Amino acid sequence: MSGASTRDGLLVGMLRRIGAVAVFFGALLAQCAPALLRPRLIVHQVYNAGARSLIIIMLCGVFVGMVLGLQGFDLLQRFGSEDALGVAAALGLLKELGPVVTALLFAGRAGTALTSEIGLMRATDQLTAMQMMAVDPMQRIIAPRFLGGVIAMPLLVAIFNVVGLFGAQLVGVQLMGVDPGAFWSQMQGAVELNDVQEGFIKSLVFGTACSLVAVYEGYHSEPTAAGVGLATTRTVVTSSVLTLLLDYILTAAFL
Amino acid sequence: MPLRRRPKPLERRRQPDRVTEAQRPIAPSAQAGDAVVEVAGLRYAVGRREIFTDLDFVARRGRVTAVMGPSGTGKTTLLRLITGQVAPSAGEVRMWGANVATLGQRDLFALRRRIGMLFQNGALLTDLDVFENIAFPVREHTNLTEPLLRELVLTKLHAVGLRGAARMMPAELSGGMARRVALARAVVMDPELLIYDEPFVGLDPISMGVIVRLIRQMNRVLGITSIVVSHDVHELGAIADESYLLSEGRCVASGSPDELRASDSEIVRQFLDGVADGPVPFHYPAPDYREQLFGVDDPRGRG
């Protein structure tokens, strides 16, 4: 009995939370148009969310590509088709690993930074001060950060993919001796625009989801040190789960 | 040397699309002493806890109105109600005649452009330097040219004695300096009403003296109506024209500082003389001391 009521409570709580996020998203979208009229604010946020995440994205991209090269080579050589390593690495990166791993890294690096920054602004009355100066924080603070994240994600994914392919090539061609001509030409022949499109759409959706979660959690965090910490943790957990869930839904939709 | 034409201050200020109730200027016949803020029969509760049960309050034009009271009586909450950050459960808050709770965001923002607010912790924007913090509301609401904006900001910084700190970041400022920068930001749009939330908290005597002098200057020289929320009785006595003492959700005494000092009300005496126990009890409601100390049911003493 009490288990059922706890389950109902959890369900109601979850539905309420989804509703609150939807309302917040609506209000945020309404402020995006005015925010777009101030591109300098958005460019600054693209720099914060994108350029400052570059090192971690590139570093991880190389390693993911190298692992992909190694595992791919090991698997493909069993069937004598190691020349297809380029195709396997490219499709794996473009359609799945690039968007997903970048989104997870984005949530950990830029998402947490966004949440804690906005949460601390709330805790130190900076958002209230803005409202008292007749400035809407949704338009001046939240919308540019959200748009910055949405724009930065596809760019980061593209860089991750390029660096990942370099890593796969490094291991496959340089280390394992796959023919470079076969590696690149098979990739060029097999990868189609649809594959790139799928990755691009995924990166846009993940960018929207991760940025939305980050700004929502920051904006609604308790104005205490513990509250901001909790909101930051929630950002990572929610963004990661949401990314993987959306990835499944999108992959199913594209197949 | 050719004379440069000096633009009139804020001549390039963006014109609002329409004049709303809150944007309408005070009638020319308005006299000093007219009510700027009127609070009548205010009731406000957070959950089951009643913060205000029946509060009446008036801040008059050109005067310094002090709101005093023990910690936790809702002084800051009153400011949040006055400025429309929260809505009352019952009663009315009127500013320049407009019912704050019924205003939409557009009208509320128009009303807030006539208000400057000094926050307890300064609430400076931490990613902007001192200059940009003060320039922030001007940049948001006007199209002033950079030279004119610079002139305006430096004038305000000079008034609070911090012209030399223009390029410092908020993290580099002392508490007193941050409060003065926040004051410069609060007056940069030439507000008609200045609201100070605990302006003396955590300041050394020198900084406190500076802030008291600045508040007095803003009121006497610029004629700005002021509401000061604080529990620093002596500082308020030096600057306030009218004082309200809040306790248990209502106003328990009001009048000039001299009238309050002459009051023989128990709660006024406890507050002004700083007596530990009285109508405001020293102990927060708790179970019987002996029972809690020696209770065996809960070894942590929560019985």
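Q: How much surface does chain A expose in this predicted model, and what share of it do carbon and sulfur atoms supply?
A: In this predicted model, chain A exposes about 12,200 Å². Carbon and sulfur atoms supply 70% of that area.

Q: What makes a residue of chain A count as buried, and what percentage of the chain does so?
A: The criterion is a relative accessible area under 20%. Of the 255 residues of chain A, 46% count as buried.

Q: Which elements make up chain A, and what are the spans of its C-alpha trace?
A: Chain A has nine helices and zero strands. Along the principal axes, its C-alpha trace spans about 65 × 55 × 30 Å. Among contacts in chain A between residues at least 6 apart in sequence, 84% join residues at least 24 apart.

Q: Why is the pair A:Arg38 and B:Glu140 called a salt bridge?
A: The rule requires a side-chain nitrogen of Lys or Arg within 4 Å of a carboxyl oxygen of Asp or Glu. The closest N and O atoms of A:Arg38 and B:Glu140 are 2.8 Å apart, so the pair meets the rule. The salt bridge crosses between chains, from the loop between H1 and helix H2 (39-49) of chain A to helix H3 (residues 130-141) of chain B.

Q: Why is A:Arg38 called partly exposed and B:Glu140 buried?
A: Buried means under 20% relative accessible area, and partly exposed lies between that and the exposed class, which is over 50%. A:Arg38 has a relative accessible area of 31% and is therefore partly exposed. B:Glu140, with 12%, is therefore buried.

Q: What makes the contact of A:Arg140 with B:Glu140 a salt bridge, and why does the pair join two chains?
A: The side chains meet at 2.8 Å, N to O, and the cut-off is 4 Å, so the term applies. A:Arg140 lies in helix H6 of chain A and B:Glu140 in helix H3 of chain B, so the pair joins two chains. Both residues are buried.

Q: How do you know that B:Arg139 and B:Glu132 form a salt bridge, and what are their exposure classes?
A: Their closest N and O atoms are 2.9 Å apart, and the limit is 4 Å, so the pair qualifies. B:Arg139 is partly exposed at 31%, and B:Glu132 is partly exposed at 23%. Elsewhere, salt bridges that share partners join A:Lys95, A:Glu96, A:Asp195, A:Glu198, A:Lys202 and A:Asp247 into one network. Over all chains, the count comes to 21 salt bridges.

Q: What makes the link between A:Gln139 and A:Gln31 a polar contact?
A: The side chains of A:Gln139 and A:Gln31 are joined at 3.0 Å, and the N or O atoms of such a pair must lie within 3.5 Å, so the distance condition is met. A:Gln139 is in helix H6 (residues 137-175) of chain A and also touches A:Pro34, A:Ala35 and A:Pro144. With a relative accessible area of 29%, A:Gln139 is partly exposed.

Q: Which residues have the most contacts inside the largest nonpolar core?
A: This core has 96 residues, and those with the most contacts inside it are B:Val37, B:Ile82 and B:Ile227. A second, separate core of 54 residues includes B:Ala66, B:Leu183, B:Ala186 and B:Leu203. In soluble globular proteins, nonpolar side chains tend to be buried together.

Methods:
Residues numbered from 1 in each chain as written. Chains lettered and ligands numbered in written order. Predicted model: local features only at pLDDT ≥ 70, side-chain atom pairs only at ≥ 80, totals over all residues. Heavy atoms only, no water. Helix = DSSP H or I, 4+ residues; strand = E, 2+ residues; numbered from the N terminus. Buried < 20%, exposed > 50% of the residue type's maximum accessible area, 1.4 Å probe, protein only. Contact = heavy atoms within 4.5 Å. Polar contact = N/O pair within 3.5 Å; in protein donor to acceptor, adjacent residues only side chain to side chain. Core = buried A, V, L, I, M, F, W, Y, C linked by side-chain atoms within 4.5 Å. Areas by Shrake-Rupley, 256 points an atom, 1.4 Å probe, with all protein chains shown as cover. Lists of a residue's contacts leave out its neighbours within four places in sequence.
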